[in-house]
Every structure is written in structure tokens, then in C-alpha cells.
Amino acid sequence: MNCDPPIDACVPTNPCQNGGSCMPTGPATYACACPAGWTGTDCSSDVDECATDNGGCSTSPMVSCMNTLGSRTCGACPSGYTGDGTSCVPVDCGAPPMVANATYAVSGGLGGGTTTTVDAVATYVCGTGFTQSGSSVTCQANGTWTAPA
């Protein structure tokens, strides 16, 4: 008769893949604790992070999510926005250029209202007694205002 120690399924080799941690659960049995991005009995199945909530990539505006092994990658923010793909904010041109003897009102832009974001238009009105030569400027995707037109 022999009294051999129980067989540890985690030794000498870890059956868990992709960085999973092996935990003995009984004689010759084990369970794997899988790292983020992996699932399955031996952590060999990739989780499709993009299948839920666009994988954490921006949804407003919508940015593409590309599933990769064990992770995901977000696409670039669309024109008129800046950010890392997980968060995209409208490009802001700041205050329109000042024009002597004129006032301006801003309309449009991403998000609407009176924002100074892409596609916003600042319309100038000259003071009494002054002649107008160009009535507006537009916020561009590069964050600058066009020349008065």
C-alpha cells in the first residue's frame, strides 16, 4: 500500500492560458481565474469587448470598436471632434475674432445653441454709421475661424 500525495493539476505546468491563474479544486482538478479579456475553462477564449456598450469606445459621436485578442481598440474621433476614441469632444474655436466697431452673434456648431464648436457661425453687425464688408466667420474642424466672408 502507498499513501501518495494528491495530484495537483496546476503543477508542474499551469493549464491556464493567457496569464490565467490555476487554483487546485481537488485531486487532479482545477479552476482557472482568467484575466480581463479572456474566458473559458482554460482562459483560451477571447472576450468580444465590443459586443457590450461599444467596448467602452465613444457612442456620441459613434466611434468604431475593433476587438483584438484579449482587448479592444477604439477608432479615431470623427472630424470636428478631438479625443482618444473612448471620449470625443467637439473641437472648440474659442471666441470669434474681434472686429472693430462691430458686435457678433454665434449660432450653430456641434451641439447647437451658441457654442463656438465646428460649424458654428459668428455673424457680425457693424455699429451705426459704419459700413460692413464681410458678415460672418465659421469655426473649422482644425479649431480656427475662417476669414470674414
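In what sense do strand E1 and strand E2 pair, and over how many bridges? In this predicted model, strand E1, which covers residues 21–26, and strand E2, which covers residues 29–33, pair in the antiparallel sense over five bridges.

## The E1–E2 hairpin

Looking more closely at this pair, one finds that Met23 has Ala31, in E2, as its bridge partner. The two strands E1 and E2 form a hairpin with two residues between them, and in the turn Ala28 has a positive phi of about 65°.

## The chain as a whole

The secondary structure of the chain comes to eleven strands and zero helices, so that a reader who follows the sequence meets the pattern β-β-β-β-β-β-β-β-β-β-β. The C-alpha atoms fill a box of roughly 115 × 20 × 20 Å when this is taken along the principal axes. The radius of gyration of the chain is 29 Å, whereas a compact globule of 149 residues would have one near 15 Å.

Of the 149 residues, 28% count as buried, and the accessible surface of the chain comes to about 8,900 Å², with 56% of that surface belonging to carbon and sulfur atoms. Among contacts between residues at least 6 apart in sequence, 24% join residues that are at least 24 apart.

## Two nonpolar cores

The largest nonpolar core has nine residues, namely Cys93, Ala102, Val106, Ala120, Ala122, Tyr124, Val137, Cys139 and Trp145. Strand E9 (102–108) and strand E10 (120–126) each supply at least two residues of this core, and E10 gives the most to it, with three residues. In soluble globular proteins, nonpolar side chains tend to be buried together.

One member of this core, Cys93, is in contact with Thr116, Cys139, Gln140, Gly143, Thr144 and Trp145, if its neighbours within four places in sequence are left aside. A second core, separate from the one just described, has seven residues, and these include Cys50, Cys65, Cys77 and Cys88.

## Asn54 in its loop

Between strand E4 (45–46) and strand E5 (65–68) runs a loop, and Asn54 lies in this loop. Is Asn54 buried or exposed? Asn54 counts as buried because its relative accessible area is 17%, and the cut-off for a buried residue is under 20%.

Leaving aside the neighbours within four places in sequence, Asn54 is in contact with Thr59, Met62, Val63 and Cys65. One of these contacts, Cys65, also belongs to the second core of seven residues.

Notes. Residues numbered from 1 in each chain as written. Predicted model: local features only at pLDDT ≥ 70, side-chain atom pairs only at ≥ 80, totals over all residues. Heavy atoms only, no water. Helix = DSSP H or I, 4+ residues; strand = E, 2+ residues; numbered from the N terminus. Buried < 20%, exposed > 50% of the residue type's maximum accessible area, 1.4 Å probe, protein only. Contact = heavy atoms within 4.5 Å. Pairing = 2+ DSSP bridges. Core = buried A, V, L, I, M, F, W, Y, C linked by side-chain atoms within 4.5 Å. Rg over C-alpha atoms; globule rule 2.2 N^0.38 Å. Areas by Shrake-Rupley, 256 points an atom, 1.4 Å probe, with all protein chains shown as cover.
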